[in-house]
Amino acid sequence: MALENIEYVRQDKLGFITINRPDVRNALNKQTLEEIEEALDRASADTEVGVVIFSGKGDKSFAAGADINQLTEKTAVDALQGKGMQQIYDKIESFEKPTIAMINGYALGGGCELAMSCDIRIASTKAKLGLPELNLSIIPGAGGTQRLARLVGKGKALEMILTGKIIDAEEALQAGLITEMTTSEQLLDKVREVSEKILSKGPLAVQLAKISVHMGTETDMKTGLMLEKLSQAVLFNTEDKNEGTKAFLEKRTPVFKGE
Ligand code: COA
């Protein structure tokens, strides 16, 4: 598939998925979502990729939500059938490699929901986030009602969703919606710095930590603890665990192989 609405580039171990529709503030139409899925498949198949980074082209917007031109034509059947934004974002959350949203401007509606399906959200001081779908008399339907409430708590989520309030990066940081804030100029460096930290870990441990947190927190405590125990059992039997512990004791940097 030729990519027209997004760019997908690998630089060393980082896979960059950049939404490339700046004229419409990187609004997410059907084709863009299909291309995001294609890029994810490429990042999955490429063993060199260790972290996937989502961003939006230009300095105004990460993504301004679903393309409202296409929304005008949506029917109930469309929402119920076929592959929608919600399923694609679920695929992002379940992606086996860690993901970071690099938020350089507006992250609204489906754009905010995309960021929330990533593992980590790093935003510039110019970022603005919100779920304004109720202005159109629809609800956030790509995980927004669920992920926002889990990230910031029910009260804050309801305030944001019911009022359509758009918050700045400072407020998003206070609320726990973003994990870090920096200047626009330093945003990419900060994302690279965080990525490097993740890449220095054993990749199997990264994958199982991600599964344990995402899936473990969606079930009861006992099942979550068992998931954690079983993940640890897998890791105890890996070469990377032998290397990690040995390297610590030998006071050297470990060399992990993902085995
Ligand atoms: N879908 C389709 N087109 C969109 C869009 C969207 N979600 N968001 C922005 N655009 C288009 C605008 O229609 C405009 O097109 P035009 O140049 O043909 O008039 C262009 O992008 C620029 O938008 P504009 O509103 O002029 O830019 P701005 O910088 O003043 O404001 C936003 C930016 C993001 C605050 C504003 O565009 C906006 O509120 N967008 C909709 C956000 C939303 O409700 N998302 C949830 C959808 S479910």
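In this predicted model, the second largest pocket lies between domain 1 (6–199) and domain 2 (203–249), because both domains give residues to its lining. The volume of this second largest pocket is about 640 Å³, and among the 25 residues that line it, Glu93, Asp119, Val213, His214 and Thr217 are the closest to its centre. Four elements, namely α4, β7 (120–124), α6 (144–152) and α10 (203–216), each contribute at least two residues to the lining of the second largest pocket, and the largest share, seven residues, is supplied by α10. When the lining of the second largest pocket is divided by class, 11 residues are nonpolar, five are polar and nine are charged.

The largest pocket, for its part, encloses about 1,100 Å³ of space. Its lining is made up of 41 residues, and those that lie nearest the centre of the largest pocket are Ala66, Leu71, Lys74, Met85 and Ala142. Helical elements contribute to this lining, with α1 (30–45), α2 (68–71), α3 (76–80), α4 (85–93) and α5 (110–116) each supplying at least two residues. In terms of residue class, the lining of the largest pocket comprises 18 nonpolar, 14 polar and nine charged residues.

Helix α4 appears in both descriptions, since it supplies at least two residues to the lining of the largest pocket and at least two residues to the lining of the second largest pocket.

Conventions
Residues are numbered from 1 along each chain as its sequence is written. This is a predicted model: local features need pLDDT of at least 70, side-chain atom pairs count only at pLDDT 80 or more; totals for chains, interfaces and linings use all residues. Side-chain values use heavy atoms; hydrogens and water are left out. On a 1 Å grid over the protein atoms alone, a cavity is a set of points where a 1.4 Å probe fits but cannot get out, and a pocket is an open set with protein on both sides within 12 Å along at least five of seven lines; lining residues have an atom within 4 Å of a point. Grid points are joined across faces, edges and corners, and a volume is the space filled by probe spheres set on the points. Ala, Val, Leu, Ile, Met, Phe, Trp, Tyr, Cys and Pro count as nonpolar, Asp, Glu, Lys and Arg as charged, and the others, Gly among them, as polar. Domain bounds come from an automatic or database domain assignment.
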